[in-house]
Amino acid sequence: MGESQRSHVRQHYIPQFILKNFCYDQNKERVYFFEAGEEEYSTSYVSNVFMERYLYSNAENNLEIEESLAKFETDIAPIFKKLNNDAEISLTVAEDERLRIFLSLLAFRTVGTRDQFDNMSDNSKEMYGRNSDDTVMKNIWLKNVHLVSQSRSIKDVLSNPEVSNPLKVFFKHEFSSFYMCILERRGLVDFLISDCYPVVMNGEGVLPNGASFHLPIYYFYPISDSRVIVLVTNNIQEVPRSVSNLDFTKTLKGPKGSSDRTHLLFRPEKLYQQDVEWINEMIIKNAKIGVVVKDLERCSDYL
């Protein structure tokens, strides 16, 4: 096996270009890692966290999907650099759509989603496998990961006859029901990152007709110790405080359009420490493998 093949053996479900923002050393190689449920930390190379060997391979020598994911990550990395550093973030409409596809793909390419495919009901298996000759659900998941990794717009996803129809419904829902914001921490506590990516916060309650509901309100994507991308449900202003949890929700708004309508402008929304702590608690609570922190003196009290 050549050197480039060996470097692809560890296949990350959270891209390394994001994880490197949580490294504590100047070379961006090492992280502080807390194993889920443990109070003691260890140090680890970033190449060894939040990955599985051959996760995106049908066979050990098949690196096509991993290479397609890596290409998308290379394309999207400059956008993430803006999201992490700029006081006002300007994205073209095409960049914004590409970013939204990438975020939805991050939610779909996880180990948890792979495991859900392995344990699907017969009805779900039939819906996802309708356009496929393969009956192995992991292979159907891999095929969809590959197809979406080659997409750069919602049109690319929806017009592709090989993409499973339930996945098209998921992507269409993500685009129509959520808007994107950037959150920036203030105070003495940094954001964490865990193997659960993104962290989904669901609202639960009872409707006036007596029916219960269980719907996603936020998708949290930590992208550095100081900033988080969040997808926010469109009707958040109508959601009770007891359900929505974050203090700033009533004033949280999506991006503004530029005067020439060619760009979207984002200003990071600053969070007080209690909201950062609440997001961190969600991240830790949902972690199955572990949590990474950048600065041990600025990590959450929940650790």
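# Notebook: salt bridges and helix contacts

**Entry 1, the network.** I began with the charged side chains and found R185, D190, D225, K294 and R298 linked in a network of salt bridges. A reminder to myself: this is a predicted model. Over the whole model I get a count of 16 salt bridges.

**Entry 2, one pair from the network.** I looked up D225 with R185, a salt bridge whose closest N and O atoms are 3.7 Å apart. I then checked where the two partners sit. D225 is in the loop between β9 (212-222) and β10 (227-233), while R185 belongs to strand β6 (residues 178-185). The two are 40 residues apart, and the pair links distant parts of the chain. Are these partners buried or partly exposed? D225 has 12% relative accessibility, so I put it down as buried. R185 comes out at 21%, which means partly exposed; the cut-off for buried is under 20%.

**Entry 3, a pair with a loop partner.** Next I turned to E162 and K143, which form a salt bridge with the closest N and O atoms 3.6 Å apart. E162 lies in the loop between α8 (154-158) and α9 (165-177), and K143 lies in helix α7 (residues 137-149). I noted a spacing of 19 residues for this pair, which also links distant parts of the chain. E162 has a relative accessible area of 42% and is partly exposed. K143 is partly exposed as well, at 26% relative accessibility.

**Entry 4, a pair between two helices.** Which residue does K82 bridge to? I found E95, with the closest N and O atoms 3.5 Å apart. K82 is in helix α3 and E95 in helix α4, so this salt bridge ties together parts that are 13 residues apart in sequence. K82 has 26% relative accessibility and therefore counts as partly exposed. E95, at 16%, counts as buried.

**Entry 5, α3 against α4.** That pair sent me to the helices themselves. Helix α3 (residues 64-85) packs on helix α4 (residues 93-108) at an angle of about 120 degrees, and I have their axes 10 Å apart. That angle makes α3 oblique to α4, because the roughly perpendicular range ends at 115 degrees and the roughly antiparallel one needs over 145. The crossing of α3 past α4 is left-handed. For the contact I listed L69, F72, E73, D75, I76, I79, F80, K82 and L83 from α3. From α4 I listed E95, R98, L99, I101, F102, L103 and L105. Both partners of the salt bridge in Entry 4, K82 and E95, are in this contact. By class I see 11 nonpolar residues, five charged and no polar.

**Entry 6, α5 against α7.** K143 had already taken me to α7, so I looked at a helix that packs with α7. What angle do helix α5 (residues 111-118) and α7 make? I read roughly 140 degrees, with the axes coming within 8 Å. The two helices are therefore oblique to each other. Their crossing is right-handed. On the α5 side the contact uses T113, R114, F117 and D118. On the α7 side M137, K138, I140 and W141 take part. I sorted the contact of α5 with α7 into four nonpolar, one polar and three charged residues.

Technical notes. Residues numbered from 1 in each chain as written. Predicted model: local features only at pLDDT ≥ 70, side-chain atom pairs only at ≥ 80, totals over all residues. Heavy atoms only, no water. Axes fitted to C-alpha atoms, helices over the stretch in contact; angles between N-to-C directions. Parallel < 35°, antiparallel > 145°, perpendicular 65-115°, else oblique. Left-handed = near helix turned anticlockwise from the far one by under 90°. Contact = heavy atoms within 4.5 Å. Nonpolar A, V, L, I, M, F, W, Y, C, P; charged D, E, K, R; others polar. Buried < 20%, exposed > 50% of the residue type's maximum accessible area, 1.4 Å probe, protein only.
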